[in-house]
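Could you walk me through this structure, step by step? I am new to it and would like a friendly tour.

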Amino acid sequence: MPRHQLIQLKTPAQIEKMRAAGLVVAAALARMREAVAPGVTTADLDSLAESVIRDAGAVPSFKGYHGYPASICSSVNEQIVHAIPSPKQVLREGDLISIDCGAVLDGWHGDAAITVPVGEVRPELLRMAEVAEDAMWAGIAAAARGAASGRGRLTDISFAVEAAVRRSGGRYGIVDGYGGHGIGTEMHQDPHVLNHGRPGRGPRLVPGLALAIEPMITIGSPKTEELDDGWTVVTRDGSIAAHVEHSMALLDDGVWVLTAPDGGRERLGGLVTAREPAPA
């Protein structure tokens, strides 16, 4: 069966439930962003995230997922994604940490990631994190415009992410083999969303489609390797990486960034659905 036939489209009511899960993730990430500082351990951040998620009546998506032992992924410096929190990993001044967090509420998932500086960080690393963030929003905007036109295809998102990274002027590596995905009643669903590629290919961008868009870029080579723990993915050349992510859904009247507190309004303006109220 073609992979595009496995895509789960959501009703507006189901997307409302995903929004609730997304706001739990947003709250957990906001608390962790505030907590990041030299001397804090990644295990401290994991404990904080689990507390926020469970206090909201949700469950951490990651904990127990294929045996994963924690509520977040806490990837520091050359760690790109899926790093396991540890009381032995103490954040230091100048580190860059990517925090990936998921929650399931009433059977529906939210998933998002942020990259956060620890104290004073080299300007080129801050710029890389900004480029990753801009690329993510470019991909989300491409999805919204593609759905609105009725002509959008999945790889329009991939192309927009890559184009934003290339336009930035930096020589960043775009990590291959890892990327975004469908999301809904499972954390990972079809389709896989690459962060590079030619536009105009793949499934159509239609209302009801919910995706997690997550660029991962490096300040050096994009080549990766997995550590012996079976989870942590690092850059092969030891260069620093950034990873950001939002979950979003397409509706008849626009896009809803489910894990952004404002639904994406600040970055996307009128592309956002009226289900996310405009600021007063």
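Here is a short tour through a helix, some strands and a group of annotated residues.

Please keep in mind that this is a predicted model. Let us begin with helix α2, which covers residues 42-55. With 14 residues at 1.5 Å a residue, α2 should span 20 Å, and its end C-alpha atoms are indeed 20 Å apart, so the two values agree. Just beyond the helix, Gly-57 has a positive phi, near 85°.

Which residues of α2 are buried? They are Thr-42, Leu-45, Asp-46, Leu-48, Ala-49, Glu-50, Val-52 and Ile-53. A helix makes a turn every 3.6 residues, so residues three or four places apart point the same way. The buried residues of α2 pack against helix α1 (12-35) and against three strands, β1 (59-60), β2 (72-76) and β4 (96-105).

Strand β2 is a good next stop. Of its 5 residues, 5 are buried. Ile-72, Ser-74 and Val-76 point one way from the strand, while Cys-73 and Ser-75 point the other way, and buried residues are found in both sets. The partner of β2 here is β4: the two pair in the antiparallel sense over 5 bridges. Within this pairing, Val-76 stands opposite Ile-97 of β4.

Strand β4 also holds Asp-100, which leads us to the annotated residues. An unreviewed UniProt entry gives the annotation "binding site" to Asp-100, Asp-111 and Glu-245. These residues are spread over 146 residues of sequence, yet they cluster in space, with a largest C-alpha distance of 7.9 Å.

Is Asp-100 buried or exposed? Its relative accessible area is 6%, below the 20% cut-off, so Asp-100 counts as buried. Leaving aside neighbours within four places in sequence, Asp-100 is in contact with residues including Phe-62, Ile-72, Cys-73, Asp-111, His-243 and Glu-245. Two of these, Ile-72 and Cys-73, are the β2 residues that point opposite ways from their strand.

Glu-245 sits in the loop between β13 and β14 (246-251). Glu-245 is buried too, because its relative accessible area is 1%. Not counting residues up to four places away in sequence, Glu-245 touches Asp-100 and Asp-111, and also Met-136, His-181 and Glu-214, among others.

The last stop is an open sheet of 3 strands, in the order β6-β10-β13 with antiparallel pairing. Its edge strands, β6 (173-174) and β13 (241-243), each pair on one side only. Strand β10 (residues 216-218) is joined to β13 by 3 bridges, and Thr-218 stands opposite Ala-241 of β13.

Note on methods
Residues numbered from 1 in each chain as written. Predicted model: local features only at pLDDT ≥ 70, side-chain atom pairs only at ≥ 80, totals over all residues. Heavy atoms only, no water. Pairing = 2+ DSSP bridges. Helix = DSSP H or I, 4+ residues; strand = E, 2+ residues; numbered from the N terminus. Expected span 1.5 Å × (residues − 1). Buried < 20%, exposed > 50% of the residue type's maximum accessible area, 1.4 Å probe, protein only. Contact = heavy atoms within 4.5 Å. UniProt positions renumbered as here; feature names shortened; annotations may be inferred.
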